[in-house]
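Hi,

Here is the structure I promised to pass on. Have a look at it first, and my notes follow below.

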Amino acid sequence: MATPAGDHGLDLRLMRILDVLLDECSVSKTATILGQSQPSVSLALKRLREILGDPLLVRSGVKLIPTEKGIALRAHVSNILREIDALAVSEDTFDPASYNRRFRVYAANCLGTFFMPRIGELVRREAPNMPLDFCAIPEESRIFTELEEGKLDLVIGNWPMPRDYLRFAPLLETDIVLVMRNEHPLAGRSRIDLQEYLSLDHLSPTPHTSPAISPIDGQLAQLDAKREIAMSVAEFTLVPHMLARTNLVFTSSRPFAEQMAQSGAFSIVGAPEELARMSFYTLWHERSHLSPGNQWFRRLLRRVAKQISEFTPLPSSETSPEAISGNQ
């Protein structure tokens, strides 16, 4: 007779023993870590084997190694236990004022003048003991490796196709525009078409960035098009100075462009309709999804996004990797 659902006998205690066993591959080490006797852990392993219908750990010489099913169970069990543990940590009990862990964020450069200062203001006000590092977005492979390894906490990105196995939450959306000096032949136009856009000489602060993580070149690649980057600079702060003395054009989000145009020396022209809009979002790894500090920081980012009146905030729902890839 089949075992009824819920009567399999796999309780929380056994799951915690299984979690440590699959990590340590040792009954004695598991007993020491959990403060239990070796016979007790051995009995628990026997029971787990009966419930799950698999040896889970098998002898290989003088050591134990996990079976295929054991390997497959390891990540699932750890995730389940993290979610259960997180239930015991209420958001109301998390105190950002006493949070002192260093937080590391990769952020799109064009967020600098209108987004990151607001983040810094709230962090210093609400979590003054939390060191915060904003870093420029590097090569794509580093981003996801560092998130996975825990060297990086979160990414604020704006490229078209983020990896589908990371957690994702939209932040805000804006128009894409061109900035140029007032003397530029196209200054005063409301918008240019794609053919005109591709014929221009462009200024870029990220000429060697992979199109996969470039908000402009990534969209152009999807259109099977490529712009001519005539000049590049190392920092966004140099962009206005270069535009003021050349007929180069710079493509960016509208809020960044409007801040530049406040000086009166620059004009804003709408980008081709094919470039659509620029979306900003947060990315983080499953391993930090239930971290109270990471959850608090993500809520802070959504608050900042809502403060920016030039934007239309997107829904604040957070999306799992499975949802992004269409498996839910």
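Over residues 322–328, pLDDT stays under 50 in this predicted model, and that stretch has nine contacts beyond four places in sequence. Residues 310–316 also stay under 50, though there the model has 20 contacts beyond four places in sequence. I'd read both stretches with that in mind. For the protein chain as a whole, pLDDT averages 83, and 85% of the residues score at least 70.

On the overall fold: I get twelve helices and eleven strands in the protein chain. It runs to 328 residues, of which 44% count as buried. If you take the contacts between residues at least 6 apart in sequence, 77% of them join residues at least 24 apart. As for the surface, the protein chain exposes about 16900 Å², with carbon and sulfur atoms supplying 50% of that.

I also picked out one residue to go through in detail, Val123. It sits in helix α5, which spans residues 116–126. Is Val123 buried or exposed? It is buried, because its relative accessible area is 2%, and the cut-off for buried is under 20%. Leaving aside residues up to four places away in sequence, Val123 touches Pro128, Met130 and Leu132, and also Trp296, Phe297 and Leu300. Ala97 is another one to look up from there: 26 residues separate Ala97 and Val123 in sequence, and their C-alpha atoms lie 9.3 Å apart in space.

Shout if you'd like to go over any of this together.

Cheers

Key
Residues numbered from 1 in each chain as written. Predicted model: local features only at pLDDT ≥ 70, side-chain atom pairs only at ≥ 80, totals over all residues. Heavy atoms only, no water. pLDDT = per-residue confidence, 0-100. Contact = heavy atoms within 4.5 Å. Helix = DSSP H or I, 4+ residues; strand = E, 2+ residues; numbered from the N terminus. Buried < 20%, exposed > 50% of the residue type's maximum accessible area, 1.4 Å probe, protein only. Areas by Shrake-Rupley, 256 points an atom, 1.4 Å probe, with all protein chains shown as cover.
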